Amino acid sequence: MDRAQLLLVGLPLFLFCSDIFSLFAPAPSKPAAPHHYHHRHPDSQPLIQPRHTPLEFPTQKTSGIGYGNTVSIDFCSSCSYRGTAVTMKNMLESQFPGINVILANYPPPLPKRLLSKVVPVVQFGVIGVIMGGEHIFPRLGLAAPPQWYYSMRANRFGNMASTWLLGNFVQSFLQNSGAFEVHCNGELAFSKLKENRFPGEIELKELVARRIVNSRLII
């Protein structure tokens, strides 16, 4: 197996192992802020600085019907739901001044994420077999390549393009969660996974308003 074949087989395996490691690796801790120490020379005298009257700026009052409330919208970024999420965010911020609206991606389940990492490895593997199968199969203990290899080799460019397009489609399907989940103060307000539809603007405004009122009554 020459260097080109080793690169075609080894690079996808390396990327797959690095993705698996990044899924289970703990988040890095934040570095501590550096401490600055000021040394004062014993013979130095304190400088007399002129006293300035501090400038007073008008402070903005933290008030509003939505102040102290948080709405999180978790959506499927690979499904092109970002535009709908931004529209809902702008609507909530205008209807409930002071509310905190957070947008985040809703990832698919872990098995689908792992399978989506396998798809590129299969793509490069099939393309590598099509390009250098006559050198790969003898190393696997086969005296001659199987018959299906010659049929793929006869139209190698078409099969390579089909493998690439099909792999991209499968990978996009595995990364699709189809979610549009809205939480208000940690409580689920709307779930597209349960309702199989998007919320209307008036509907979402009423759901959020009801939970804001309930949170104030509890307090």
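Visitor: Is Asn100 buried, partly exposed or exposed?
Guide: This is a predicted model, in which local features need pLDDT of at least 70, side-chain atom pairs count only at pLDDT 80 or more, and totals for chains, interfaces and linings use all residues. Residues are numbered from 1 along each chain as its sequence is written, and side-chain values use heavy atoms, with hydrogens and water left out. Buried means under 20% relative accessible area, exposed over 50% and partly exposed in between, with a 1.4 Å probe and protein chains only. Asn100 has a relative accessible area of 38%, so the residue counts as partly exposed.

Visitor: Which residues is Asn100 in contact with, leaving aside neighbours within four places in sequence?
Guide: Asn100 is found in strand S2 (residues 100-105), where helices (H or I, at least four residues) and strands (E, at least two) are DSSP runs numbered from the N terminus. Asn100 and Val71 are 29 residues apart in sequence, yet their C-alpha atoms lie 6.1 Å apart in space. With contact taken as heavy atoms within 4.5 Å, the partners of Asn100 outside that sequence window are Asn69, Thr70 and Val71.

Visitor: Which parts of the chain does the aromatic pair of Tyr81 and Phe198 tie together?
Guide: Rings of Phe, Tyr and Trp (its six-membered ring) pair if their centres lie within 6.5 Å, and planes under 30 degrees apart count as stacked, over 60 as edge-to-face and the rest as tilted; by this rule there are three aromatic pairs. Tyr81 and Phe198 form an edge-to-face pair, 4.8 Å centre to centre with 85° between the planes. The pair ties together parts 117 residues apart in sequence, because Tyr81 lies in the loop between strand S1 (70-75) and helix H2 (82-95), and Phe198 in the loop between helix H6 (192-195) and helix H7 (201-218).

Visitor: Why is the pair of Phe124 and Trp164 edge-to-face?
Guide: Phe124 lies in helix H3 and Trp164 in helix H5, so this pair ties together parts that are 40 residues apart in sequence. Phe124 is partly exposed at a relative accessible area of 28%, and Trp164 is likewise partly exposed, at 37%. The ring centres are 6.0 Å apart, and the pair is edge-to-face because the planes stand at 85°.

Visitor: How far apart are the closest N and O atoms of Arg211 and Glu187?
Guide: A salt bridge is a side-chain nitrogen of Lys or Arg within 4 Å of a carboxyl oxygen of Asp or Glu, and by this rule the count comes to three. Arg211 counts as buried at 16% relative accessibility, whereas Glu187 is partly exposed at 44%. Arg211 forms a salt bridge with Glu187, and their closest N and O atoms are separated by 3.8 Å.

Visitor: Which helix holds both Lys89 and Glu93?
Guide: The side chains of Lys89 and Glu93 meet in a salt bridge, at 2.6 Å from N to O. Glu93 is partly exposed, with a relative accessible area of 32%. The two residues are four apart, about one turn of the helix, and both lie in helix H2.

Visitor: Which residues does Gln171 touch, not counting those up to four places away in sequence?
Guide: Gln171 lies in helix H5 (residues 156-174). A polar atom of the Gln171 side chain is 3.4 Å from the backbone oxygen of Ser116. Beyond that sequence window, Gln171 touches Ser116, Val119 and Pro120.

Methods:
A polar contact is a pair of N or O atoms within 3.5 Å; within protein, one must be able to donate a hydrogen and the other to accept it, and residues adjacent in sequence count only if both atoms are side-chain atoms.
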